[in-house]
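The following note reviews a structural model for a colleague in computational chemistry. Its points are numbered and may be read against the sequence and coordinates.

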Amino acid sequence: MGDLITRRKLVTTGLATAAGAGGLITAAARIADRYGLIPPDHFGIYGVGETLTYATQRLLTSHHSLAREFTRRDISPVFPVNGPPPERGSYPRLLARGFVDWRLTVDGLVANPMELALEDIRSIPPRTQITQNTCEEGWTVIAEWTGVPLSTILNLAGVSTRARYVVFFPFDEAWQSLDMPDAWHPQTLLAYGMNGQDLPAPHGAPLRLRVARQLGYKSVKYLSHIRVVDSVKEFGRGLGSNDPEVGYSWYAGI
Ligand SMILES: Nc1nc2c(c(=O)[nH]1)N[C@H]1C(S)=C(S)[C@@H](COP(=O)(O)O)O[C@H]1N2
Ligand SMILES: [Mo]
């Protein structure tokens, strides 16, 4: 009898725990929806998990918590390249002419759409930071990046209150998007310099994104176009980047 009660208790406790967890997930989804905490890849293969991770991150951590910055002594002597410079399209010609004809298009939900030359971007007060790039393929490097905060460019463009994402288009296929907390983040940089030199072509010349708080694949190289949007549905399969299509998260916080 004693045994039975114990087992019964176990069974009911187990059921209660399962029901509790189910309830929690439903509650979390409801809260996430209410506060706009659903990531674009919610509709992808790992949808519910992605929403829980992203919503938890956004609820528990300050939007402006900073990634660690290092000293010059920490800079890695060798720096792997992931994604060589585009060999097709207009990129090789722009590279050959030292990017004098290159322009960064900034458009979408902005008051002043812009076409910025490299010298326009270089005339803005620069910021330098030494941060770590963590690649999903298992290597990390520390480098010094110089450029302008993305927030400076967004302020120049005059971002609409309807803005929810910033989409980044490079000269290759590796397009990306960030939500506004990461777009406005003080360490999110449009970098044209690396380790005190002009950004080498294989590392993303003339301009790359550096997102210090997310995995390397968010830091788009070879930038051509930035668009501010209220939805990413119309791009690719509507999941915010290519990554969720191949099993990686859109939100890659570290
Ligand atoms: N346009 C573009 N950006 C990209 C990539 C790419 O293939 N194309 N690879 C990403 C990945 S997976 C990583 S880890 C970093 C690597 O930067 P690096 O090549 O300067 O080391 O760039 C990211 N940005
Ligand atoms: Mo990567």
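1. For the residue classes used below, Ala, Val, Leu, Ile, Met, Phe, Trp, Tyr, Cys and Pro count as nonpolar, Asp, Glu, Lys and Arg as charged, and the others, Gly among them, as polar. By that scheme, the lining of the largest pocket comprises 13 nonpolar, 8 polar and 5 charged residues.

2. This is a predicted model, in which local features need pLDDT of at least 70 and side-chain atom pairs count only at pLDDT 80 or more, while totals for chains, interfaces and linings use all residues. Residues are numbered from 1 along each chain as its sequence is written, chains are lettered from A and ligands numbered from 1 in the order in which they are written, and side-chain values use heavy atoms, with hydrogens and water left out.

3. On confidence, pLDDT is the predictor's confidence in each residue, from 0 to 100. The protein chain has a mean pLDDT of 88, and 84% of its residues reach 70 or more. Residues 1–19 should be read with this in mind: pLDDT stays under 50 there, and the model has 0 contacts for them beyond four places in sequence. Contact means heavy atoms within 4.5 Å.

4. On the overall fold, the protein chain has 6 helices and 10 strands. Helices (H or I, at least four residues) and strands (E, at least two) are DSSP runs, numbered from the N terminus. Of the contacts between residues at least 6 apart in sequence, 68% join residues at least 24 apart.

5. On the surface, 46% of the 254 residues of the protein chain count as buried. Here buried means under 20% relative accessible area, exposed over 50%, and partly exposed in between (1.4 Å probe, protein chains only). The accessible surface of the protein chain comes to about 13,300 Å², and 56% of that surface belongs to carbon and sulfur atoms. Accessible areas come from the Shrake-Rupley method with a 1.4 Å probe; for residues, only the protein chains shown count as cover.

6. The largest pocket has a volume of about 470 Å³. Of its 26 lining residues, Asn 82, Ala 174, Gly 216, Tyr 217 and Lys 221 are the closest to its centre. The search uses a 1 Å grid over the protein atoms alone: a pocket is an open set of points with protein on both sides within 12 Å along at least five of seven lines, and lining residues have an atom within 4 Å of a point. Grid points are joined across faces, edges and corners, and the volume is the space filled by probe spheres set on the points.

7. Helix H5 (residues 150–157) contains Ser 151, and Leu 150 lies in H5 as well. Leu 150 counts as buried because its relative accessibility is 0%; Ser 151 is buried with a relative accessible area of 16%. Not counting residues up to four places away in sequence, Leu 150 touches Phe 168, Ala 183, Thr 188, Leu 189, Leu 190 and Ile 226, whereas Ser 151 touches Ala 183 and Trp 184. Between C-alpha atoms, Leu 150 is 9.3 Å from Ala 191, 41 residues apart in sequence, and Ser 151 is 9.7 Å from Asp 182, 31 residues apart in sequence.

8. Several backbone features lie in loops. A cis peptide bond, with omega about 0°, joins Ala 205 and Pro 206; Pro 206 is in the loop between strand E8 (197–198) and strand E9 (208–210). Leu 199 is found in the loop between E8 and E9 and, at 5% relative accessibility, counts as buried. Beyond four places in sequence, the contacts of Leu 199 include Ala 205 and Pro 206.

9. Which phi value does Asn 195 have, as a residue other than glycine? Phi of Asn 195 is near 50°, a positive value; Asn 195 sits in the loop between strand E7 (189–194) and E8 and is partly exposed at 29% relative accessibility. Tyr 222 has a positive phi of about 50° although it is not a glycine. Tyr 222 is in the loop between E9 and strand E10 (223–229), and is buried, with a relative accessible area of 1%.

Methods
1 Å grid on protein atoms, 1.4 Å probe; cavity = no way out; pocket = protein on both sides within 12 Å on 5 of 7 lines; lining within 4 Å.
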